[in-house]
Structures are given as C-alpha cells and as structure tokens.
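Here is a friendly tour of one structure, with pockets and aromatic rings as the main stops. Have a look at the model before reading on.

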Amino acid sequence: PTNFVDKILKGEKVTTIREDKHNRWKVGRKIHFATGVRTGNQKQFAQGECTEIETIEIEYGKEWVINEWIDTVRVFINDYCLNYEEIKELVKNDGFESVKDFFDWFNKGFKGKIIHFKV
C-alpha cells in the first residue's frame with residue numbers, strides 16, 4: 001500500500017517498522033529488499049544495511065475530555081511520546097502518504113522496532 005519499491009529506490013522510504021519478536025535486527029546487518037517474499041515470485045530489487053534501531057509502541061485508548069470519552073492514539077519511540085509533527089515525520093520516513101494511511105495500517109496496539117536503513 002505504500003508503493004515501497006519506488007520509495008526505497010528513490011531514498012524516500014528510509015525506515016521500516018517490524019515486530020521483531022526474536023530480536024533479529026542489528027545495526028550493520030544487511031537487508032535484502034524484495035517483493036513476493038515467501039512466494040514463488042520472490043524478487044530482490046535492492047540491497048542495503050541497517051543503520052539504526054529504535055523501539056516503537058503505538059497505544060490506543062480513551063481519555064475523558066470535557067465531559068466525554070474520546071479515542072486516543074499515542075506513538076512512543078524509545079519511550080518518548082511523539083507530538084503530531086514528529087508523527088508526520090515518522091509517517092513520511094516509513095513511506096506512507098498520510099497520517100491517516102499510517103493509522104489505517106497500524107490500527108491497533110503495536111510494539112516493535114523502527115529499522116533505519118540505507119540502500
């Protein structure tokens with residue numbers, strides 16, 4: 001949904017967000033960018049390197065504001081809560097067209113890592 005191939009090749013997408021349950025990603029690790037992963041149509045289109053790792057948490061909740069409950073979402077990077085301008089930068093770096101598109105994709109609580117890379 002992010003047209004990631006072109007954005008990676010043009011240097012517009014410089015991060016990817018992954019769950020990373022097994023602590024797989026490390027600075028210096030090679031990245032083989034591919035489409036069709038885990039299918040018979042896998043094709044590598046670039047190679048890069050992991051340059052930085054950050055933790056990310058997306059937290060959905062409700063907050064009592066002016067006599068009513070409102071839905072909230074907070075994004076934390078390395079335990080720091082991002083403001084809206086910082087969320088827009090995160091969204092752009094990860095290749096999404098809009099904040100709405102980002103939260104449509106990450107539409108529930110999430111814990112993982114931001115993998116920064118260079119191609």
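Leaving aside its neighbours within four places in sequence, which residues is His116 in contact with? In this predicted model, the contacts of His116 are Val14, Thr15, Glu49, Cys50, Thr51, Glu52 and Glu54. His116 belongs to strand S6, residues 110–118. With a relative accessible area of 16%, His116 counts as buried because the cut-off is under 20%.

His116 also helps to line the second largest pocket, together with residues including Thr15, Glu54, Tyr80 and Ile114. Helix H2 (84–93) and S6 each supply at least two residues of that lining, and H2 has the largest share, with 4 residues.

The two pockets can be set side by side:

| Pocket | Volume | Nonpolar lining residues | Polar lining residues | Charged lining residues |
|---|---|---|---|---|
| Largest | about 990 Å³ | 13 | 8 | 9 |
| Second largest | about 160 Å³ | 5 | 3 | 3 |

The largest pocket is lined by 30 residues, and the closest to its centre are Thr16, Arg18, Trp25, Ala34 and Val37. Strand S2 (30–35) gives the most to this lining, with 6 residues. One of these central residues, Trp25, has the charged end of Arg29 over its ring, 5.1 Å from the ring centre.

Now for the aromatic rings. The whole structure holds 10 aromatic pairs. One of them joins Phe106 and Phe110 edge-to-face, at 5.2 Å centre to centre and 65° between the planes. Phe106 is buried at 9% relative accessible area, and Phe110 is buried at 17%. Both belong to one aromatic cluster with Tyr60, Phe96, Phe102 and Phe103.

Conventions. Residues numbered from 1 in each chain as written. Predicted model: local features only at pLDDT ≥ 70, side-chain atom pairs only at ≥ 80, totals over all residues. Heavy atoms only, no water. Buried < 20%, exposed > 50% of the residue type's maximum accessible area, 1.4 Å probe, protein only. Contact = heavy atoms within 4.5 Å. Phe/Tyr/Trp six-rings, centres within 6.5 Å; stacked < 30°, edge-to-face > 60°. Lys NZ or Arg CZ within 6 Å of the ring centre and 35° of its normal. 1 Å grid on protein atoms, 1.4 Å probe; cavity = no way out; pocket = protein on both sides within 12 Å on 5 of 7 lines; lining within 4 Å. Points joined across faces, edges and corners; volume = space filled by probe spheres on them. Nonpolar A, V, L, I, M, F, W, Y, C, P; charged D, E, K, R; others polar.
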